[in-house]
Amino acid sequence: EFTLEGTVTPTDTTTFLGRTNTEEDKAGVLWFNTDSYLIRNIKFTGTDGIDGSTAICVNENTKEVTFENCWFRGNSTTATGASIAVWCGAVLNIKDCSFSDNYGYGSAIVLTDYAKNSVLNITDSEIKSNIGNAILTQGKSIADVNATRVVFKDNRSVTDDAGSAVYVQGEVTYNFTDCQFVGNTCDLGTNLGLGGIVAVDTDNAIIRFDGCLFENNDCYRDEEKNVPLGTIIHLHDKQATIYFNACEIKNNTSGVVAGCGGKGGSMIVNRGGAATIAMNNCSMHDNYTGRNNDEVPWIFFGHESMYDSDLIEGAKFLLSNTSLIGCSQLKDGDSINDLSGPVAFLYADAEYYLLNSIVCSTYESDNLPVALSCYPHKYESYYSKTSGVDDNVDWGSDEGSGHDYVASDLSGWNGAYLWNGTFSSGTNKDQFAPTAGVNAKIQEADADFYAWLEEIGALGKDINGNNRGTTSWPGCYQAN
């Protein structure tokens with residue numbers, strides 16, 4: 001193993017100043033090409049390269065590279081990989097590092113098309129104020145990416161692009177544990193096919209989020225288009241699998257900056273593909289979309305949480321022990337106007353499972369349904385609770401009615417979004433779900449999702465890790 005160790009004092013840090021590369025696919029500072037390396041306590045800055053040039057290049061024959069307590073500042077490239085680019089099947093370990101003010105597609109880390117059977121482990125690090133895709137896996141890469149306690153903050157996409165935090169291509173598995181996604185933005189320009197601070201542009205990805213926070217993120221387009229736009233996750237004609245557990249999604253916006261969220265501005269959008277999206281013990285609240293048309297609020301379907309449309313058969317949408325709490329209003333700049341849209345718009349030939357979950361609105365003059373489900377291929381509800389004003393819950397087909405849904409006002413809701421134990425009408429309106437029954441329904445709906453929840457110890461727990469006991473309160477919180 002080759003070790004390179006700098007020094008860090010209150011007045012001095014070992015700094016490697018990169019060069020300006022005029023040739024593509026070169027390294028501005030370090031070129032790794034054999035066995036294993038350990039790099040500690042060094043700042044890498046100043047690399048300015050063209051097409052594929054990067055500060056650090058992990059090339060063929062390299063087995064493992066570890067960076068500890070390093071800084072990557074102010075590196076740029078006209079293409080991919082401003083800071084670190086992996087060109088082989090190596091293991092890249094990043095511990096206690098910081099990436100900031102870098103520019104390029106994969107401004108922090110890129111696993112290129114040549115990264116076959118590669119692994120990225122990044123822990124206790126920050127990725128902030130970069131322009132481009134902070135982490136990028138390219139289309140031919142085969143990789144596992146594991147991020148634990150990583151903060152993605154204030155990253156921006158280049159114009160007409162998405163994935164300011166992460167851009168997912170290739171045959172990849174991503175695991176995000178206790179990560180934070182805060183203040184990231186995407187300027188989609190005139191691009192209608194992409195969206196999301198986590199952009200999913202592959203059919204071969206499995207992406208798992210456990211204990212993650214998504215707050216104050218925004219995606220927008222430059223002009224009004226009758227096309228959905230998802231701020232957190234956006235899938236367009238893709239078949240990826242995306243799992244969430246114990247995540248909070250709050251105070252995010254879709255289309256607010258430029259006022260162009262598009263039809264179906266939302267937090268999570270699945271459009272035209274047989275993807276699977278499953279959420280357990282999650283909380284989504286106080287998210288907003290921009291306003292495109294003062295007179296036709298129906299164009300804002302699903303702005304608060306979910307939007308599915310035109311999906312091919314095989315798509316799946318599962319909510320278990322989850323709370324979707326919407327003000328169900330639209331946000332225009334800093335003010336909230338009185339137009340509203342559904343909290344969840346589910347309109348596709350897909351499978352829907354709502355298990356012991358809450359979907360409700362807190363806005364008391366809704367003129368649209370809180371939740372709308374039309375013509376699902378398969379629909380199942382189990383002890384879920386839906387609340388709206390004046391019985392404002394609309395199920396557009398027989399498959400979506402007559403289940404465990406109820407409608408009532410919200411006088412019993414508090415800041416923790418707990419059910420007060422009563423509803424005015426509906427099947428099982430005053431009953432709690434058996435915890436074992438909820439778990440069995442999850443397993444029946446998606447065995448792989450159930451296996452992951454079992455592996456991470458999430459079954460029978462609430463969003464805070466509290467034991468639910470024999471019976472479960474609906475939504476993500478278990479009352480004491």
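**Exercise 1. Find which residue of β35 stands opposite Y243, and place its strand among its partners.**

Step 1. Look across from Y243: the residue opposite is A278 in β35. Strands here are DSSP runs of E with at least two residues, and helices are runs of H or I with at least four, both numbered from the N terminus. Residue numbers start from 1 along each chain as its sequence is written, and the model is a predicted one, where local features need pLDDT of at least 70.

Step 2. Now count bridges. Strand β31 (residues 241–245) runs parallel to β35, joined by 5 bridges; two strands pair if DSSP finds at least two bridges between them.

Step 3. Turn to strand β39 (residues 316–320), which also pairs with β35 in the parallel sense, over 5 bridges. There, L318 stands opposite A278.

**Exercise 2. Decide whether M279 is buried or exposed.**

Step 1. Locate M279 in strand β35 (residues 276–280).

Step 2. Its relative accessible area is 0%, so M279 is buried (buried means under 20%, exposed over 50%, partly exposed in between, with a 1.4 Å probe and protein chains only).

Step 3. Check both faces of the strand: T276, A278 and N280 are buried on one side, I277 and M279 on the other.

**Exercise 3. Describe how helices α1 and α2 pack.**

Step 1. Helix α1 (residues 435–445) meets helix α2 (residues 447–455) at about 130 degrees, with axes 5 Å apart. Axes are lines fitted to C-alpha atoms, for helices over the stretch in contact, and angles between N-to-C directions run from 0 to 180 degrees.

Step 2. That angle makes α1 oblique to α2 (under 35 degrees is roughly parallel, over 145 roughly antiparallel, 65 to 115 roughly perpendicular, the rest oblique).

How values were computed:
Predicted model: local features only at pLDDT ≥ 70, side-chain atom pairs only at ≥ 80, totals over all residues. Heavy atoms only, no water.
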